[in-house]
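Subject: Structure handover, with notes on the cysteines

Hi there,

Here is the structure I promised to pass on to you. Have a look at it first, and then read on for my notes.

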Amino acid sequence: MKRTEEAEQLAARLRILKGRAGSSFEALAGRTGISRSSLHRYCAGTKFPANYGVIHAFATACGASAEELRELHRLWALADAMRSSSAPSAAPAGRQETGHQETGGVETGGARTPRTLMSPLRTRPRVRLPLVVSAVTACIAAAAAAFLTMLDTDRKNREPTITQSGPGTAPTTIPVRVFNIEGDCKSREERVPACSMGLARDPRLKYDTDNVVSHRVWHDDILNADCVLYDGDRVEDETGVGTTRWFRVRIDTVPGGSAWLPAVRTHDSPALPTCA
């Protein structure tokens, strides 16, 4: 299965619930009736459940709240839609497409007599749904590619800027909460340097010590974001969950007044305009 950002987020949320519950996979398997190996694959993101009931059972066994269940359902639905749209539509090898006609067999005293099932009043060729879906998907992909090409025209010569604000109006900011999955940094009240995280100067350059501002952030800090970028440098957290999504946050104490927070360092997903 091709791993989408929604599927990665879903797996990350499941790991967080399991860690918070302090339960083993064996214990959760006993509560949910789902095999230990399947639960492990769901949390690792190497397997995607075809039924949301599996996710609901796992989350409920871990003590998830109603709000967390709604968020899990949203992520599962988005990931399932992406998985369905990317699934191959061609018939399996060796099987011949027959339109409305299908040949099978009927038991008649130990012998099998051929039978033919045909739809009545067939007056025009059937339009195959997979072909229609493929054509629509191709049109959407072409439009998206053209839009991204337009945005990328002079991207290398300028820092990302907000694209959805009216003339003379200040961009609206939305608070996002910093999340640090590493070790015991979530439970520490004191701000030790080892648990601090850097904000990037440029989200499209490699995220390393040469590309961070002086301002540091810790778990549970609240930052004000004004736009989101989807094609920055790919960043992974300590569990291997990665994304190219970045939030631009307002920081008064750094040059330019803003810096960039990788999306793997927050569990919030606010509705923000796109940074170009």
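Below is what I found about the cysteines.

Please keep in mind that this is a predicted model. It holds two disulfides, and counting the bonded cysteines along the chain, they follow the pattern 1-2, 3-4.

Let's begin with Cys 185 and Cys 195, whose sulfur atoms are 2.1 Å apart and form a disulfide. The torsion about their S-S bond is about -80°, so this disulfide is left-handed. Both cysteines sit in the loop between strand S3 (174–177) and strand S4 (197–200), ten residues apart. Cys 185 is buried, with a relative accessible area of 9%, and Cys 195 is buried as well, at 5%.

The other disulfide joins Cys 227 to Cys 275, with an S to S distance of 1.8 Å. Here the torsion about the S-S bond is about 105°, so the disulfide is right-handed. This pair links distant parts of the chain: Cys 227 belongs to strand S6 (residues 222–229), while Cys 275 lies in the segment after strand S10 (258–262), 48 residues away. Cys 227 and Cys 275 are both buried.

You may also come across Cys 43 and Cys 62. Why is there no bond from Cys 43 to Cys 62? The closest cysteine sulfur to that of Cys 43 is in Cys 62, and at 7.4 Å it is too far for a bond, because a disulfide needs the sulfur atoms within 2.5 Å. Cys 43 counts as buried at 3% relative accessibility, and Cys 62 does too, at 6%.

Happy exploring, and best wishes!

Conventions. Residues are numbered from 1 along each chain as its sequence is written. This is a predicted model: local features need pLDDT of at least 70, side-chain atom pairs count only at pLDDT 80 or more; totals for chains, interfaces and linings use all residues. Side-chain values use heavy atoms; hydrogens and water are left out. Helices (H or I, at least four residues) and strands (E, at least two) are DSSP runs, numbered from the N terminus. Buried means under 20% relative accessible area, exposed over 50%, partly exposed in between (1.4 Å probe, protein chains only).
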